[in-house]
Amino acid sequence: MNTENLIINCLGASNTQILIDNEGIKTKEINYPVLLGLRLRCTTRNYGKGGTNIAMQEGREDSYIERAPKMEHGADIIIVQGGGNDCSHCIPLGELDSTDPYTYCGALRSLIRLIKSDFPESKLIVSDSMRKKKDPDKRTDGLKHQDFHVAFVEVCRSEGIEPVNFHDDPALDPFNPESMPDGLHMSEKACKHRADVFAEYIRNL
């Protein structure tokens, strides 16, 4: 596959927007979309925004589902990176078959359908989130990041998409400071790995 003329939109949260170095300093200048563009010699557009949910939330207007329609058209590929903010921000998990944008499952299903409908010219690639070092302690329902991960995979598969698996990737270990110095955000080494995985996946399309 000739990748040099590709345009890729990358939608996500902080791990799309930034990386973090071993000193704990975050930078937007280098991130996985930038590195992916270098790998494939193509154009990448970064639609990552730190701290955002897939689902809508009262008092906010920056969820994935609200930002997706604002992406520029003409992309050959759209990559959606799953995140852990919904679990941390106490978003309800919701029913697996829901389309309620204020629940995690409903928002994810609606997001997939929205992108397929509004961006028919684009191939949709979805990746699950990396593991997290800590589970949220504010949830009253006792749900953990693992519960959201399982739901993420099930919803994607029910919409005909097999997520690219980063959740079980040993190169993205939240307990390894070389991969994720703060247990949440990728280092440059981890971002390079993520870019390499996506580049190989795209070349094989």
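This report describes a sheet, the helices that pack on it and a surface patch in a predicted model.

## The sheet

Four strands make up an open sheet, and reading across it gives the order β4-β1-β5-β6, with parallel pairing. The strands at the edges are β4, which covers residues 43–48, and β6, which covers residues 123–127; each has a single partner strand, so one side of each is left without a neighbour in the sheet. From one strand to the next, the twist averages 15°.

Within this sheet, strand β1 (residues 7–12) runs parallel to strand β5 (residues 77–81), and the two are joined by 4 bridges. To follow this pairing in the structure, one can start from Asn-9, whose bridge partner in β5 is Ile-78.

## Helices on the sheet

Helix α2, formed by residues 32–40, packs on the sheet and touches β1, β4 and β5. The direction of helix α2 makes an angle of about 170° with the direction of β4.

Helix α7, formed by residues 188–203, also packs on the sheet, where it touches β1, β5 and β6. In this case the direction of the helix makes about 145° with that of β6.

## A nonpolar patch on the surface

Met-1, Tyr-201 and Leu-205 together make a nonpolar surface patch of about 300 Å². One of these residues, Tyr-201, lies in helix α7, the helix that touches β1, β5 and β6.

How is Tyr-201 classed by its relative accessibility? Partly exposed covers the range between the buried limit, under 20%, and the exposed limit, over 50%, and Tyr-201 counts as partly exposed because its relative accessibility is 33%.

Key. Residues numbered from 1 in each chain as written. Predicted model: local features only at pLDDT ≥ 70, side-chain atom pairs only at ≥ 80, totals over all residues. Heavy atoms only, no water. Pairing = 2+ DSSP bridges. Axes fitted to C-alpha atoms, helices over the stretch in contact; angles between N-to-C directions. Contact = heavy atoms within 4.5 Å. Patch = residues over 30% accessible without salt bridge, like charges linked within 9 Å, V, L, I, M, F, W, Y side chains within 5 Å. Areas by Shrake-Rupley, 256 points an atom, 1.4 Å probe, with all protein chains shown as cover. Salt bridge = Lys/Arg side-chain N within 4 Å of Asp/Glu carboxyl O. Buried < 20%, exposed > 50% of the residue type's maximum accessible area, 1.4 Å probe, protein only.
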